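Before working through the questions below, please look over the chain and its fold. Each answer takes a few steps and finishes on the value or name requested.

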Amino acid sequence: MRKIFLYFLIISSSFSLFSQEKNDVYSFEFSNIRLTEVIQTIETKTQFKFYYEKEWLNEDKKMITGSYKNVTIDFLLDVVFTNTELNFFIQKNKIILTKNNVI
């Protein structure tokens, strides 16, 4: 019984360590800017790095405006990529964008 408890304790603590980056909160203010600028701002203000094909962002003419206070990176990206062909996948400090594919 003691081994089982120790096992669950170790597993649960490792999950919280790995998920911590995604659950951190950030604040951003965007005023009528393109997705490329949004991505550059996120990379500058956080530990995240984006991976994508540059043509995908040049094709999209969507402009982003909004004030986002104390939001997770998941929430922010859900809002930013709404009504686009782009999807995202977060792995540690990497944000991988895909076009028309959900990972």
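Contact here means heavy atoms within 4.5 Å. The model is a predicted one.

Q: Among contacts between residues at least 6 apart in sequence, what share joins residues at least 24 apart?
A: The count takes in contacts in the protein between residues at least 6 apart in sequence. Of these, the share that joins residues at least 24 apart is 62%.

Q: What pattern does the protein follow when read along the sequence?
A: The protein holds four helices and five strands. Read along the sequence, these elements give the pattern α-β-α-β-α-β-α-β-β.

Q: What percentage of the accessible surface belongs to carbon and sulfur atoms?
A: Of the 103 residues in the protein, 27% are buried. The accessible surface comes to about 7,200 Å², and the part of that surface belonging to carbon and sulfur atoms is 55%.

Q: In what order do the strands of the open three-stranded sheet lie?
A: The pairing in this open sheet is mixed: β2 and β5 pair in the parallel sense over three bridges, whereas β4 and β5 run antiparallel and are joined by six bridges. The edge strands, each pairing on one side only, are β2 (49–51) and β4. Reading across the sheet, the order is therefore β2-β5-β4.

Q: Which residue in β5 is the bridge partner of leucine 86?
A: Six bridges join β4 to β5, and the two strands run antiparallel. On the other pairing, that of β2 with β5 in the parallel sense, lysine 49 has lysine 94 as its bridge partner in β5. For leucine 86, the bridge partner in β5 is lysine 99.

Q: At about what angle does α4 run to β4?
A: Helix α2 (residues 35–45) packs on the sheet and touches β2, β4 and β5, its direction making about 140° with that of β2. Helix α4 likewise lies across β2, β4 and β5. The angle at which α4 runs to β4 is about 170°.

Q: Within what arc do the buried residues of α4 fall, seen down its axis?
A: In α4, the residues Ile73, Leu76, Leu77 and Val80 are buried. An α-helix has 3.6 residues a turn, so residues three or four places apart point the same way. The buried residues of α4 line one face of the helix, because, seen down its axis, they fall within an arc of 95°.

Q: How many residues apart in the chain are lysine 69 and glutamate 29, which link distant parts of it?
A: The side chains of lysine 69 and glutamate 29 meet in a salt bridge, with N to O at 3.6 Å. Lysine 69 is in strand β3 (residues 63–72) and glutamate 29 in strand β1 (residues 25–34). Lysine 69 counts as exposed at 52% relative accessibility, and glutamate 29 is also exposed, at 55%. Along the chain, the pair is apart by 40 residues.

Q: Is lysine 49, a partner of glutamate 43 in a salt bridge, buried or partly exposed?
A: The closest N and O atoms of glutamate 43 and lysine 49 are 3.7 Å apart. Buried would require under 20% relative accessible area and exposed over 50%. Because its relative accessibility is 41%, lysine 49 counts as partly exposed.

Q: In which loop is glutamate 85, the salt-bridge partner of lysine 99, found?
A: The side chains of lysine 99 and glutamate 85 meet in a salt bridge at 3.5 Å, N to O. Lysine 99, in strand β5 (residues 94–99), is partly exposed with a relative accessible area of 21%, and glutamate 85 is partly exposed at 45%. Glutamate 85 lies 14 residues away from lysine 99, in the loop between α4 (73–80) and β4 (86–91).

Q: Which residue in the turn of the β4 and β5 hairpin has a positive phi?
A: Most residues other than glycine have a negative phi. Asparagine 70, in strand β3, nevertheless has a positive phi near 50°. In the hairpin formed by β4 and β5, two residues lie between the strands, and the turn residue with a positive phi, of about 55°, is lysine 92.

Terms used. Residues numbered from 1 in each chain as written. Predicted model: local features only at pLDDT ≥ 70, side-chain atom pairs only at ≥ 80, totals over all residues. Heavy atoms only, no water. Salt bridge = Lys/Arg side-chain N within 4 Å of Asp/Glu carboxyl O. Buried < 20%, exposed > 50% of the residue type's maximum accessible area, 1.4 Å probe, protein only. Areas by Shrake-Rupley, 256 points an atom, 1.4 Å probe, with all protein chains shown as cover. Axes fitted to C-alpha atoms, helices over the stretch in contact; angles between N-to-C directions. Arc of directions from axis to C-beta.
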